[in-house]
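Me: Please take a close look at one part of this model and describe how its residues are placed and what they touch.

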Amino acid sequence: MEIKVGDLVRIKGQDWIQKPLGIVTEIKHLTHAESGTEYTAVSAVVAGKSFTFPDEAFELVNSVESEKN
């Protein structure tokens, strides 16, 4: 399942972050200039602080409800 802005996520493997749940605030699709490798960076606010990790570092806990018109 794809992570979207507003989703509740858990940060995996980052034990130094004492509160692992956060809200996704930004998703960026990036390309490394030298190698051409593409990846996705996800930013989330956890306990009032912003963290950015690769998308694989996040586990979806609850998806945001989107309105359909």
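Reply: Leaving out residues up to four places away in sequence, Thr40 touches Ile27, Lys28, His29, Phe53, Pro54 and Asp55. The model is a predicted one. Thr40 belongs to strand E3, and its relative accessible area of 15% is under the 20% cut-off, so Thr40 counts as buried. With one of the residues it touches, His29, the link is polar: the side chains of Thr40 and His29 are joined by a polar contact of 3.1 Å.

Ser43 lies in strand E3 as well. Ser43 has a relative accessible area of 8% and is buried. Its side chain makes a polar contact of 2.6 Å with the side chain of Thr52. Not counting neighbours within four places in sequence, the contacts of Ser43 are Ile23, Val24, Thr25, Glu26, Ser50, Phe51 and Thr52.

Two of the residues named so far, Phe53 beside Thr40 and Phe51 beside Ser43, lead to the aromatic part. The structure has two aromatic pairs. In one of them, the ring centres of Phe51 and Phe53 are 6.3 Å apart and the ring planes stand at 5°; an angle under 30 degrees counts as stacked, so this pair is stacked. In the pair of Phe53 and Phe58, the centres are 6.2 Å apart and the planes stand at 55°, so the pair is tilted. Through these ring pairs Phe51, Phe53 and Phe58 are linked into a cluster. Each of these residues is buried: Phe51 at 15% relative accessibility, Phe53 at 14% and Phe58 at 5%.

The same rings return in the nonpolar core. Phe51, Phe53 and Phe58 are among the twelve residues of the largest nonpolar core, together with Ile3, Val9, Ile11, Ile17, Val24, Val42, Ala44, Val46 and Ala57. Strands E1 (8-11), E3 (38-46) and E4 (49-54) each supply at least two residues of this core. The largest share, three residues, comes from E3. Nonpolar side chains tend to be buried together in soluble globular proteins.

Strand E3 thus ties the picture together: E3 supplies three core residues, and it also holds the buried residues Thr40 and Ser43. Val24, a member of the core, is one of the contacts of Ser43.

Key
Residues are numbered from 1 along each chain as its sequence is written. This is a predicted model: local features need pLDDT of at least 70, side-chain atom pairs count only at pLDDT 80 or more; totals for chains, interfaces and linings use all residues. Side-chain values use heavy atoms; hydrogens and water are left out. A nonpolar core is a set of buried Ala, Val, Leu, Ile, Met, Phe, Trp, Tyr and Cys residues joined through side-chain atoms within 4.5 Å. Buried means under 20% relative accessible area, exposed over 50%, partly exposed in between (1.4 Å probe, protein chains only). Helices (H or I, at least four residues) and strands (E, at least two) are DSSP runs, numbered from the N terminus. Rings of Phe, Tyr and Trp (its six-membered ring) pair if their centres lie within 6.5 Å; planes under 30 degrees apart count as stacked, over 60 as edge-to-face and the rest as tilted. A polar contact is a pair of N or O atoms within 3.5 Å; within protein, one must be able to donate a hydrogen and the other to accept it, and residues adjacent in sequence count only if both atoms are side-chain atoms. Contact means heavy atoms within 4.5 Å.
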